[in-house]
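Morning, everyone. I have one structure to show you today, so let me put it on the screen.

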Amino acid sequence: MTPVQASTIPLFMQNKDVVVEAVTGSGKTLAFVIPILERLTRRQEKLKKHEIGALVISPTRELATQIHSVFSLFLDSQPSESESNEDNPSSPARRLPPALLLVSSDKSTPAQDVERFLSTGSDIVIGTPGRVEEFLLGKGKGVVSAKELEVLVLDEADRLLDLGFQATLTKIIAHLPKQRRTGLFSATMTDADALSELVRVGLRNPARIVVKVQTKRNNGKKVSGEVIEERRIPANLQNLYLPCRASEKVLQLTRIISHELKSNPTSRCIVYFATCACVDYFYRVLSPLLPSSVTLYSLHGHLPPSARSKTLSSFAAAPSASILLATDVAARGLDLPDVDVVIQFDPPVDPKAFSHRCGRTARAGRKGRAWVLLVGREEGYVDFMAVRKIPMKKHAYLTEDGSSVAHDERPEDPAVQPILQQIRKTVLTDRALHEKATKAFVSFVKAYSKHEASYIFRLKDLDLVGLAKTFGLLRLPRMPELKDAEKAGWVDADVDWDSYAFSDPAREAKRLSEAEESKSKDKAPAKSKKPKAKVAVAWSEQLAKKEGKEKRREIKAAKRKWLKSQQTQEGMKRARADSEDADDWKELAREERMAKKVKKGLVEQADFDNEFAEL
Ligand SMILES: Nc1ncnc2c1ncn2[C@@H]1O[C@H](COP(=O)(O)OP(=O)(O)OP(=O)(O)O)[C@@H](O)[C@H]1O
């Protein structure tokens, strides 16, 4: 057993509630899987077909799926009931039915989940909060019985609570019997978290298990020469930060990858980006910048569930040099085999995610290396993390020939321009890439403004022009943050915007017909540019119009109020951030289009104000 298993399993078996904090990759999953199996196989009475005996809730579908497969390893290899009795007639152990997985998927609806449950009679249920709620209190209400439930486990408990699932969890817990064992597991159950959340999730007199990692560190000063350092990351993890300019981030990313591949040509690596749009974009433009042996994969929350599952299994099975570009959807819990390197293009918005991201490597005693790129005053993050017992070591800037130089006082790397040209060359092959680039850039800036360590990550310090270079933008997007920014060193790409085409024929045809339409509108007699003459409107119609406007205003106000109330649930806000980004983006584009029409006199200012003043 690993240390966390040796300390947790006996306590969980002895009717103790547990709160377990142990570093990533230390074996927490088996620390609850084994007691659950032990308890259920040793029950005096077999559970009835509609009864469940154990429930495991996890924050993401990927993680729930992984936990389900760990249970399946045991459940699929049980001897048949007659076999086990022949071997050991006195053994009370009984055969358990397959475990049930409840996650959102494009293959199964909540109603089908209940049907599956009734056909298999599962004793163990694993799922994400929404689907579990639906199973116990929605479609499965009155069908599924939790009366005999013995164990509840909340895996990545701090994340579940951060994500704003409190209300859902409270409802689920209220539905479970009080005589049960509850376990909270995570690598980041800090004291404050644990204590405040314990009450909420209804643990009773829990045992707190904290497995610490201690390493010997030579401080070079004392005579004894060695001090013991406590850290919240695995002992075999080499945790590095690399300072560079904003304009050099992609360059350094590619050089780190090449550097790693040089020492291990079959390296597997995960690169974390801030948003789904960034993953989507860099997945399309990074390939030509990397050695041809590398295969890229992308994983983020906007991909359909089936695509996410397929990517994960292909990456896990990939025989050689493979790189997974991901958002924090892949930060926690995933036990991907032999990941050697983790690179963070940018530290995560939630500082807790930092150690989880790093922890996808150096698992179960294996070695691993994690890198994070830091720009300017972001170096303050190193001290910020050190206080949280996550030490980092500085790595010098990587040069073209693979050697490294000190970052301080260094002029911008001359390779920035060639790499910018190379990315632009790729972007120019498809107009859709230009859209993706702009969207990724804007989403990055928005995500940056949401960093929880806001005194380190300040929007006003962000070198937007440098960043635009690293993203390989063709031109700077129109956004308020860039209005007063210093533009020295920026040159728009030389693009013929009229002929710059989408590679998708349908999109290109649409673009051309729209361009044609707007050309013919421009050629139309000037009368179309004149403001529309006011037509006398009956007072009843005016009233109806006014009422309509008021109603719309009310709806918007209610929407704003609702949004505000949601924003109080910090985590939920973050979870939605990406999709909101997309909506905001659309809304901004619409606003810009209408503003142009106002300028041309095609739309009245009052109508514009009515539409957008409240946004
Ligand atoms: N006793 C053991 N001996 C050897 N390997 C083990 C043992 N227990 C677990 N492992 C392996 O260690 C790896 C990490 O385990 P697990 O995924 O449970 O870590 P974790 O602590 O939950 O990590 P995270 O916090 O990242 O979720 C897995 O591949 C697992 O199979």
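I will go through the domains, then the ligand site, then two backbone details.

A caution to begin with: this is a predicted model.

Start with the overall layout. The domain assignment splits the chain into domain 1, residues 3-81 + 92-211, and domain 2, residues 230-414. Note that domain 1 is written as two segments. On C-alpha atoms, the centres of the two domains are 31 Å apart. Domain 1 puts 20 residues into the contact, and domain 2 puts in 23.

How much area do domain 1 and domain 2 bury between them? About 1800 Å². Carbon and sulfur atoms account for 47% of that.

Now the ligand. Where does it sit relative to the domains? It lies between them, because domain 1 and domain 2 both give residues to its shell.

That shell has 17 residues. The closest are Q5, G25, K28, T29 and D335. By class, we have 8 polar residues, 5 charged and 4 nonpolar. Which element gives the largest share? Helix α2, residues 28-41, with 3 residues.

Next, polar contacts to oxygen atoms of the ligand. Two come from the backbone. For S26, a polar backbone atom is 3.1 Å from a ligand oxygen. For G27, a backbone N or O atom is also 3.1 Å from a ligand oxygen. R363 uses its side chain instead: a polar atom there lies 2.8 Å from an oxygen of the ligand. As for cover, the ligand on its own has 650 Å² of accessible area, and the protein covers 73% of it.

Last item, the backbone. Two residues other than glycine have a positive phi, and I would like you to look at both.

One is N15, with phi of about 60°. N15 sits in the loop between α1 (3-13) and β1 (18-22).

The other is A364, with phi near 50°. Its loop runs between α13 (352-358) and β15 (368-375).

To recap. We have two assigned domains, with a ligand between them. S26 and G27 approach ligand oxygens through backbone atoms, and R363 does so through its side chain. That is my part; over to you.

Methods. Residues numbered from 1 in each chain as written. Predicted model: local features only at pLDDT ≥ 70, side-chain atom pairs only at ≥ 80, totals over all residues. Heavy atoms only, no water. Near = heavy atom within 4 Å. Polar contact = N/O pair within 3.5 Å; in protein donor to acceptor, adjacent residues only side chain to side chain. Areas by Shrake-Rupley, 256 points an atom, 1.4 Å probe, with all protein chains shown as cover. Helix = DSSP H or I, 4+ residues; strand = E, 2+ residues; numbered from the N terminus. Nonpolar A, V, L, I, M, F, W, Y, C, P; charged D, E, K, R; others polar. Domains from an automatic or database assignment. Contact = heavy atoms within 4.5 Å. Buried area = accessible area lost by both parts, 1.4 Å probe.
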